[in-house]
Every structure is written in C-alpha cells, then in structure tokens.
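Colleague: Could you take me through one part of this model closely? I would like to see the place where the two chains meet.

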Amino acid sequence: MSVKYVPVIWNRTKFVYDAVVLATVGAYLGIYIYIAPMFQTVTRPIDWDIYKAQAFGTCVFFLLTFILCIGPLARLDKRFLPLLYNRRHLGVITCVLAYFHVDNILGWYNAFSPINRYVSVFIVNTSFDRFLGFPFEILGVFALLILTILAVTSHDFWLHFLKPTLWKTLHMGIYLAYALVVAHVALGALQSAAGPFMTTAVGASVALVATLHLLAARKEHLFDTQQNTMDDSGTWMDAGDPKDVPDKRARIISITDDERVAIFRNGKKLSAISNVCAHQNGPLGEGKIVYGCVTCPWHGYQYRLEDGKSPPPFTEKISTYRLKLENGRLWLNVEALPPGTYVEPIVSPIMAEGS
Amino acid sequence: MAKKKPDPFFIGWAKKPPKSLQGFLFLISAILVGAAAGVAFGIGSSVPDPGDARFAWGAGYQTFTGYVDAKPYPLLRLPAGEDGRDKPHAMLISGIGKRGMQQLAGPLDGQPVDAGGILLKRGDLDMLQVGGKVSLRAAENPVQNFTPAPAEHLGKWRLTGEICDGKCYNGAMRPGVGLAHKACANLCIIGGIPPVFVTSTPLMGSEFFVLADENGEPLTAEVEDWVALLISLEGEVERRDDLMIFKVNLDSAKQL
C-alpha cells in the first residue's frame, strides 16, 4: 500500500522473491548455456548465437508457464498465495529475457543481409496461408508486444490510472501472449530445432496450465452455483449460522455469478464487505483480520470492517453490506452500499470472543 | 483447553512469512531452481545434431583458378587437382554475408577466373565465400589444357526433400536447415545465394542439388514459399562435374 508512487516499494519479501526468481533464471541459463553443451552428442556445436537464443527463448516460455500456473495454484491451495505477491517482477524479468532472445535471433538469422534486420522479420516470409511454414516470427513479435505493454503498465501508477477493472482486463492479455508464444514455439522451434525432451516439456507445460485452470474453474463454478435462500422480499439472503464464520476470517457468499460478499468475524462482531479488493480485485474473503483491518491475501491491502475504507493515509475503499441476525441465522442484504459507507457491525451474543 | 489450530496468513509487507509457511516456501523455491536446472539440462543436452558444416577458417584464405558458370547461380568449374581432388570439381560461390556473386560472375560467365576467399565445408560439399584481395577476377594465369565438360543430362525425376539456401547448409550457420531457419534461408536466397534441394534419399550418390528453373535460369521469388518444408519436386537433373543441378517447375511442388 502506498500514498505516493515510487519505482518499487522494496521490502524483505520482494528481495527474497526476486532472489529466488534470479536464482531460477540463473540456474536455467547457466546450465543450458555452459553445462549442457558438454553432454551433447553433436558433430559440431550449434552456433553460439542460435544456442543462446534457444536458451533465452525456452526460459521465457517456461517462466510464462510458471506465471500462469500461480493463479490457479493459489485458488486450489492457499499456501501458494505468496507466489502471487511479487508476480509482476517475474513478468518484467520474463519480458526482459524475451528481448535477449530477440536480440540473438535478429543478430544472427536476420543479420548479414542488405535488408534491414527489423524490416526483414515482416517481409521475408509471407506464407500466411500455410500452417507449416507460417511466419511464426510474427506470432513472437505480437507476444513480445503484449509482454512489453504488460511490463510497462505493471506499475501501480497504471493500475490507478486505468482503474483495476480495465487494468486487470489489459493484463489478462498474458493469456493471449502465452497462446501466441505456444504457437510461435510449435510452428518454429518444435518443427526442426528441438529434441524430444523439449517437445515433451513444451507439451507438458501447456497441459499443466490448461489442467490447473480447469481445476480452479471447476472449484469456482461449484462455489458460485451454491444456492442460498432468499427471504420473501428478495433483498436478504440466508448467510448461515454465524458460528460457522471463523474468527478473524470470513465466509464468502456468492450473490450472483460475478458478485461475492465476504462476511468477516472479529470476535463477536460481524461485518460484510465486498469480496473484491480495490487494488487488483484480490479475494478479500480469503484474507484475514490483522491489526483490526481486513488484509487482502494478494498484496496486503487493508480495509476497516465497518466502512470498507483503508486506514489513513490510504484512500482505497470498497462496498459494504448490511447484515442482520434472526432466529440465530445470519442474513445478508444483497444490495451493495456505496464504497466507504459506514455500517454498524452486528454483535452475536452467542459467540464468545476468540472462539 | 484445546490447542488452537495454526492459521498461517502471508502478508507481503510483513517482516517474515508465517513460520508454518516458511518450510513450504523454501521447498517450492528449491523445486523451482531444481526444475529449472533439470529442464535446462534436458533440453540443452538433447539438441539435434546440426552436422559438421562449417567455415574452414583454419585453412585460411584460399585461391582457385578455373572457369565460372554464372547460371543458374555462380559456380566455379575447377580442373582435377585444383582443390585436392582427382576429378574436375564444381564449387558454388557466394559473396560475404547473405549476398550472391551474380554481379561479379555475370560478366565473366564461361571465362577463366581466379577466385579467392574462405571455404565452407560440409563433408564432400563445399562453397567458396569470395572476398579479399583476389575476389573474383579474370584469370591472370588460366589453367592450361582445361575446359569444363558440358552438362550431363540425367533425365526427369521427382525428388523429395527440403529447399535450403546453399550457404547456410554448407556451414555458414549451424543448424542451416529447418523451419526455424526459414527466414534466414529466405534472406540468403533474396540476396542471391543459390537455393538448393537437399533430398531425403540420395540420387546417384547425391543428396545436394542446386535449383534452377526449367530453362536453367535462377528461380523466381516464389521459391521462398517452399523453403524449409518437406516437399517433392519434379524436374530435369543435370550434372556439371560433381555438382547436380535440378531444373524444376515450382508448380510441381507438393508439400508432404
């Protein structure tokens, strides 16, 4: 959380996160470039520039695969949530590595010609009507363009400037970029420059991304299709037994397919707020009350329970909802109140503090 | 009193992750680094063999005296003994980088020449990258008693293989074949490097054919659409010394 823009708000977690990412990238490139060649069964080594391009290109592919796995993994197992925290740095590093891949390709395959190397990417292969032989480099160019846009707009300045919904939609472009990269690899490297291990690894990566997303989607779908009873007026929804809401945690209620409410319990007090964090639409209901505030599990943004406002000097605010207790049951008013609206928490007399 | 179940909650800006998560995060980090190392080793150590094509830098600057044929693409016709071979030899020539030799070879077509440059070698195949002091010029001391033999016509054939550029295949790049190399091959062909057809199975001992159109002229830009694909082509085969020329109509090309 920040009230002013700085390039990076460093903290210990980000240092450790980035160190692990750099160690991973270093291990990949170091072993690919310097160790693996000693074990190759080749008459003569692959040209140094082409080999480096392969190293950087495959590294980018696997980093993108990992980036796309983090989301569904965190949906399926909360222990993976810390991997989300600094995912933007991972994305930026991936984009930078993609430029190294391109630099090696342009400096070798597209060099030594009277035709400008940048122009040549677009004009030397125009077999757009073919599947095999399709100018797969163009797919890579579009993927790189998307990765660049995402990297440049990854800063919170752009998040606030574009607003979370638009920013999130823009950054869903990572899926298009991944699809383009998969096609780029499938129609290029896998057709001639790859051994059986690479073909298997690429196939397994795509299958992993698809499987994790399907599992996470199934879990979300099952949750969203749970039916909650409405009262006769159609404005109050049965939210269950208040004792089922764990202390300092929330129960998430799905009002519609795209609207969820988090009912938090802080001791004997119960409050309902939007499940969507104002920062990056993180699932607040999977957060926890820390220092008296609901804390988002993604990036630690905090909100007061009673009015959905971040504590000063922060200015984020989210919608609140009204609750009532009737015959020992908790009822949620499904009409969202304007963000930041104060709602007196309800007190459940049957719950002891800390239970 | 029942012991309270731990409820770990990670906050990025907190000093440390919860103790109960630290082991898990360490394990994930170790798996990540280990998987990266394993995958890198697996892919890097199993790359396909690009062959023994290479620039023969170790042989230094080479000069040859023979005749030059400008069509379909410039090649040297060398007498026996000139290249350490016991029979006359036809050798493709190229300029430096992705440039052909048409401009220099055209006016010298059929004449005795001196050629100097760096050899590219792939097994018995070779190509001379012409440049340096000698470059390609009218011969100062033509080889006596040598005239290149006329082309030998070997009939009509349908062959299966891949179109590459003659320079990268001969060693300018490793690997110099395949779809990943298509853009490079097209740039070479656009620059005047001869397109060649590398067949899946040898014809009369040769898997390497310089391509030409049906009239023995350079191919049109249409050839670029067929580069790096597994195709079959039909045309007349002729032999000049030890080099095969495949005179094709690209309309006969079929992708396999």
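Modeller: Happy to; here is the contact between the chains, followed by one helix pair within it.

This is a predicted model, in which local features need pLDDT of at least 70, side-chain atom pairs count only at pLDDT 80 or more, and totals for chains, interfaces and linings use all residues. Residues are numbered from 1 along each chain as its sequence is written, with chains lettered from A and ligands numbered from 1 in the order in which they are written.

The model scores ipTM 0.92 and pTM 0.90. The contact takes 55 residues from chain A and 51 from chain B; two residues are in contact if their C-beta atoms, placed from the backbone, lie within 7 Å. On chain B's side, helix 1 (19-45) and helix 4 (182-191) each supply at least two residues, and helix 1 gives the most, with 15. Helices here are DSSP runs (H or I, at least four residues), numbered from the N terminus. That side of chain B divides into 30 nonpolar, 12 polar and nine charged residues. Nonpolar covers Ala, Val, Leu, Ile, Met, Phe, Trp, Tyr, Cys and Pro; charged covers Asp, Glu, Lys and Arg; the others, Gly among them, are polar.

Now for the helix pair. The axes of helix 11 (residues 196-224) of chain A and helix 1 of chain B come within 7 Å and cross at roughly 140 degrees. Axes are lines fitted to C-alpha atoms over the stretch in contact, and angles run from 0 to 180 degrees between N-to-C directions. The two helices are therefore oblique to each other, a term for angles left over once those under 35 degrees (roughly parallel), over 145 (roughly antiparallel) and 65 to 115 (roughly perpendicular) are set aside. A:Phe197, A:Met198 and A:Ala201 meet B:Val39, B:Gly42 and B:Ile43 there, giving five nonpolar, one polar and no charged residues.
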